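Biologist: Please take a close look at a single part of this model, and describe how it is built and what surrounds it.

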Amino acid sequence: MREFIPVRIAVLTVSDTRGLAEDRSGDTLVQRIEDAGHIMAARHILPDERDQIAAQLRAWIGDPGIDVILSTGGTGLTGRDVTVEAHRDVYEKEIEAFGTVFTLVSMKKIGTSAVQSRACGGVAGGTYLFALPGSPGACKDAWDEILSLQLDYRHMPCNFVEILPRLEEHRRRK
């Protein structure tokens, strides 16, 4: 059996109104990350401003101490919801199936209201990025049903951790 390999995860909460004391979604992710044995590498809260979000994502992508970035908030349909656009500004590759699987998970909990989420995932600079909705329930669902498994090296038949070292292999080719 494979040994667990902890990954280093940063959490970004996107909200115009929440501070650290009110960040229940961020707290939910931090607790699950730590309970799983992963490393909390960084945590930050930013307003719903596309340029600021993209800049923070780029800074963390450039940090060799961060393997995964989870953002929460700003994935809805309102005018201020720009997290998905900021994520897509930095993606090199999108993980299209993440949003699909998240929708399937959400359907079990909230029915057709799941269509209002634009959760997404991608890869940039050898770092995984996932944009999750801003509710604690959605963060629990994304972690418990998808991310806890894909970020566990022991999960078979495949997982994100086992290919993490290969995300940048195209840059090493001559």
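Modeller: Buried here means under 20% relative accessible area, exposed over 50% and partly exposed in between, with a 1.4 Å probe and protein chains only. This is a predicted model, in which local features need pLDDT of at least 70 and side-chain atom pairs 80 or more, while totals for chains, interfaces and linings use all residues. Residues are numbered from 1 along each chain as its sequence is written, and side-chain values use heavy atoms, without hydrogens and water.

In α5 (136-150), a helix (a DSSP run of H or I, at least four residues; strands are E, at least two; both numbered from the N terminus), the buried residues are P136, A138, C139, D141, A142, W143, I146, L147 and Q150. Their cover, counted by contact (heavy atoms within 4.5 Å), includes the strands β1 (8-14), β3 (68-72) and β6 (127-132) together with the helices α1 (24-36), α4 and α6.

At W143, α5 bends by about 45°, the angle between axes fitted to the seven residues ending there and the seven starting there. The end C-alpha atoms are nonetheless 20 Å apart, which agrees with the 21 Å that the 15 residues of α5 should span at 1.5 Å a residue, taken as 1.5 Å times one less than the number of residues.

The second largest pocket (an open set of points on a 1 Å grid where a 1.4 Å probe fits, with protein on both sides within 12 Å along at least five of seven lines) has a volume of about 210 Å³, the space filled by probe spheres set on the points. Of its 13 lining residues, those closest to its centre are I110, S117, P133, S135 and A138, lining meaning an atom within 4 Å of a point. Both α5 and α4 (96-110) give two or more residues to this lining.
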